[in-house]
Amino acid sequence: MDPSWIQTQWDKVEHFFGNDDFNIFVYGTFMISFTVYWSIGLLYTFVDVTGKPKFMLKYRVQSNVKSYPISKAQLVDLLAVVITNEALVIPLSILAFKLNQWNGRIFQHELPDIFTSIFSIFFFLMVRESSFYYSHRLLHHPFLYKKIHKKHHTWVSPIAIAATYAHPVEHILSNMLPIILGPSILKSHLVLLWIWISWVTFETLTVHSGFHLPGLMSPEFHDFHHLKFNYNYGTTGWLDWFHGTDSLFRKSKEFKRHKTLWTTTPLKISLP
């Protein structure tokens, strides 16, 4: 793809927001986050509420869950919490913008080259894994778990949009901060932040969905965390392996199923 064509498309994005760094950073970031989260999340939610199409149900990770499909009361409570947390993106983006200004950051017009982009995404991945793992594990301290993190674990058998069903403190410190920390450290181009947010949003919806679907990443690792609570704190599994917090998972049937499904036969059938 012609780099000049890509640059031209970015120029159009900047023009749409009035070539204003504040508008692009704050409102553009919110639009990306909101659009990706709900366009994917609502597809899963339709299944979670109706139980249809029925063929989807054979891909559920946890079978025979009494509270599935979810009730209207569960949906109302879920939406109230998730929308409240989603709304935090705007004030926190404003704060991040002001901090970037204070730090002397100059928002770049020219798009980064491919090498910079690949290195940056890898760096974001490392920063997110470490910051999420340790903040998440800290939230499992009995005091913090009772006061803050227990809310998220209401969903023992998680569904996609419950990914951000959390106490606001947890959502800020353990969900949002690990995502924006890497781009903030590198002072990365905004397009890399948007690509990163889009990928992480897709990933977290998938691993919370409760569905192990053909061609998509496996949700088995994080689903096991919701099932057993004190294992599998990270996102990639690297720090869980290093600290031994995946020991029970590695002995489980879920570990054998923790791979991409390339057939239409559910892994819980082919690997019972």
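How many of the 19 residues of helix 8 are buried? In this predicted model, the count is 15, and helix 8 is therefore described as mostly covered. The helix runs through residues 190-208. At 1.5 Å a residue, its 19 residues should span 27 Å, and because the C-alpha atoms at its two ends are 27 Å apart, the expected and the computed lengths agree. After helix 8 comes G210, which has a positive phi near 80°.

One residue of helix 8 may serve as a guide to its surroundings. T206 is found in this helix, and it counts as buried because its relative accessible area is 1%, where the cut-off for burial is under 20%. The side chain of T206 reaches back to the backbone oxygen of F202, at 2.7 Å. Beyond the neighbours within four places in sequence, T206 is in contact with Y44, F211, L216, M217 and P219. A further residue, T84, is separated from T206 by 122 residues in sequence, and the C-alpha atoms of T206 and T84 lie 21 Å apart in space.

Attention may now pass to helix 9, which covers residues 220-228 and holds H225. H225 counts as buried because its relative accessibility is 0%. Two polar partners of the H225 side chain can be named. The side chain of H140 makes a polar contact with the side chain of H225 at 3.2 Å, and the backbone oxygen of N232 lies 3.4 Å from a polar atom of the H225 side chain. When neighbours within four places in sequence are left aside, the residues in contact with H225 are H136, H140, H149, H153, Y231, N232 and Y233. H140 and N232 thus appear in this list of contacts as well as among the polar partners of H225.

The last part of this account concerns the surface. A nonpolar surface patch of about 1,000 Å² is made by I114, F115, I118, F119, V169, L173, L177, I180, L181, I185 and L186. Helix 5, residues 114-139, and helix 7, residues 168-186, each supply at least two residues of this patch. Which helix gives the most to the nonpolar patch? That helix is helix 7, with seven residues. I185, one of the residues that make the patch, has its place in helix 7. In an α-helix there are 3.6 residues a turn, so residues three or four places apart point the same way.

Technical notes:
Residues are numbered from 1 along each chain as its sequence is written. This is a predicted model: local features need pLDDT of at least 70, side-chain atom pairs count only at pLDDT 80 or more; totals for chains, interfaces and linings use all residues. Side-chain values use heavy atoms; hydrogens and water are left out. Helices (H or I, at least four residues) and strands (E, at least two) are DSSP runs, numbered from the N terminus. Buried means under 20% relative accessible area, exposed over 50%, partly exposed in between (1.4 Å probe, protein chains only). A polar contact is a pair of N or O atoms within 3.5 Å; within protein, one must be able to donate a hydrogen and the other to accept it, and residues adjacent in sequence count only if both atoms are side-chain atoms. Contact means heavy atoms within 4.5 Å. Patches are made of residues with over 30% relative accessible area and no salt bridge: like charges are joined within 9 Å, nonpolar side chains (Val, Leu, Ile, Met, Phe, Trp, Tyr) within 5 Å. Accessible areas come from the Shrake-Rupley method with a 1.4 Å probe; for residues, only the protein chains shown count as cover. A salt bridge is a side-chain nitrogen of Lys or Arg within 4 Å of a carboxyl oxygen of Asp or Glu. The expected span of a helix is 1.5 Å times one less than its number of residues.
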